[in-house]
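Welcome, and thank you for stopping by. Please take a moment to turn the model around before reading on; the paragraphs below will then lead you through it.

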Amino acid sequence: MSDKAVILTQEGLRKLEDELENLKSVKRREVAERIKVAIGYGDISENSEYEDAKNEQAFIEGRVITLEKLLRNARIINSDEIETDVVGVGATVTVEDMEIGDVTEYAIVGSAESDPLQNKISNESPLGKAMLGKKKGTVVDVTVPAGVIQYKIVDIKK
């Protein structure tokens, strides 16, 4: 089974590489030290510090594996690939909620770097999917649990 391509912007790639480097060079050392100290407390069968450190170690190793797989399957979107005539991954899109008139700007990114709190939405999200390939001025319907929301694409930029 082939691995799915992970779409990343240059910024997203840099963040994942930085996180991986931090996990490998800093966090692994810190948790190894915590395990060493906890073992020094004696009987590890009832040692909560040891259990906690081992759980953190397992989390770190799992995250390292995940990040390595993401980076191995990364497809980087370069700024010269980003179009401004239609919505695509890497574009920043300004949309207007047609019902209440709110205007919001979203960066369209791959799912690995989406962060709705930072207005970075995935190309696989309902709004992201609805906007992909659409031009400025287009009204898109987005199905949400509360019904359908209409958004007008006001602007597309890099």
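Let us begin with a pair of strands: β4 and β5 run parallel to each other and are joined by three bridges. Strands here are DSSP runs of E with at least two residues, helices are runs of H or I with at least four residues, and both are numbered from the N terminus. Two strands count as a pair if DSSP finds at least two bridges between them. Within this parallel pair, I108 faces I121 of β5.

Before going further, a word on where this comes from. The model is predicted, so local features need a pLDDT of at least 70 and side-chain atom pairs count only at pLDDT 80 or more, while totals for chains, interfaces and linings use all residues. Residues are numbered from 1 along each chain as its sequence is written, and side-chain values use heavy atoms, with hydrogens and water left out.

Now step back to the whole protein. It has three helices and seven strands, and from the N terminus they follow the order β-α-α-β-β-β-β-α-β-β. The radius of gyration is 21 Å, whereas a compact globule of 158 residues would have one near 15 Å. That radius is taken over C-alpha atoms, and the globule rule is 2.2 Å times the number of residues to the power 0.38. Along the principal axes, the C-alpha atoms fill a box of roughly 70 × 35 × 30 Å.

How much of the protein is buried? Buried residues make up 32% of the 158 residues. Here buried means under 20% relative accessible area, exposed means over 50%, and partly exposed lies in between, with a 1.4 Å probe and protein chains only. The protein exposes about 9900 Å², of which carbon and sulfur atoms supply 50%. These areas come from the Shrake-Rupley method with a 1.4 Å probe, and for residues only the protein chains shown count as cover.

Contacts tell us how the chain comes back to itself. A contact means heavy atoms within 4.5 Å. Of the contacts with a separation of 6 or more, 50% are between residues 24 or more positions apart.

Let us now return to the strands and look at β3, which covers residues 92-97. On one hand, β3 runs antiparallel to β4, with five bridges joining them, and V93 stands opposite Y106 of β4. The hairpin of β3 and β4 has five residues between the strands, and G101 in this hairpin has a positive phi near 85°. On the other hand, β3 is also antiparallel to β7 (residues 147-157), through six bridges. One of the bridge partners here is K157 in β7, which is matched with T92.

Two threonines of β3 show what this double pairing looks like up close. T94 counts as buried because its relative accessibility is 13%. Leaving out residues up to four places away in sequence, T94 touches V103, T104 and E105, as well as K152, I153, V154 and D155. T92 also lies in β3, and T92 is buried because its relative accessible area is 16%. With neighbours within four places set aside, the contacts of T92 include E105, Y106 and A107, and also D155, I156, K157 and K158.

From β7 we can move on to β6, which spans residues 139-144. Six bridges join β6 to β7 in the antiparallel sense, and a hairpin connects the two strands through two residues. In this pair, V139 stands opposite K152 of β7. V144 belongs to β6 and counts as partly exposed because its relative accessibility is 26%.

Next comes a loop, the one between β4 (103-109) and β5 (120-122), where N119 is found. Most residues other than glycine have a negative phi. N119 is not a glycine, yet its phi is positive, at about 60°. N119 is partly exposed because its relative accessible area is 28%.

Finally, visit helix α2, residues 48-72, which holds V64. Is V64 buried or exposed? V64 counts as buried because its relative accessibility is 2%. Apart from neighbours within four places in sequence, V64 is in contact with L20, L23, K24 and R28. V64 and K24 are 40 residues apart in sequence, while their C-alpha atoms are 7.5 Å apart in space.
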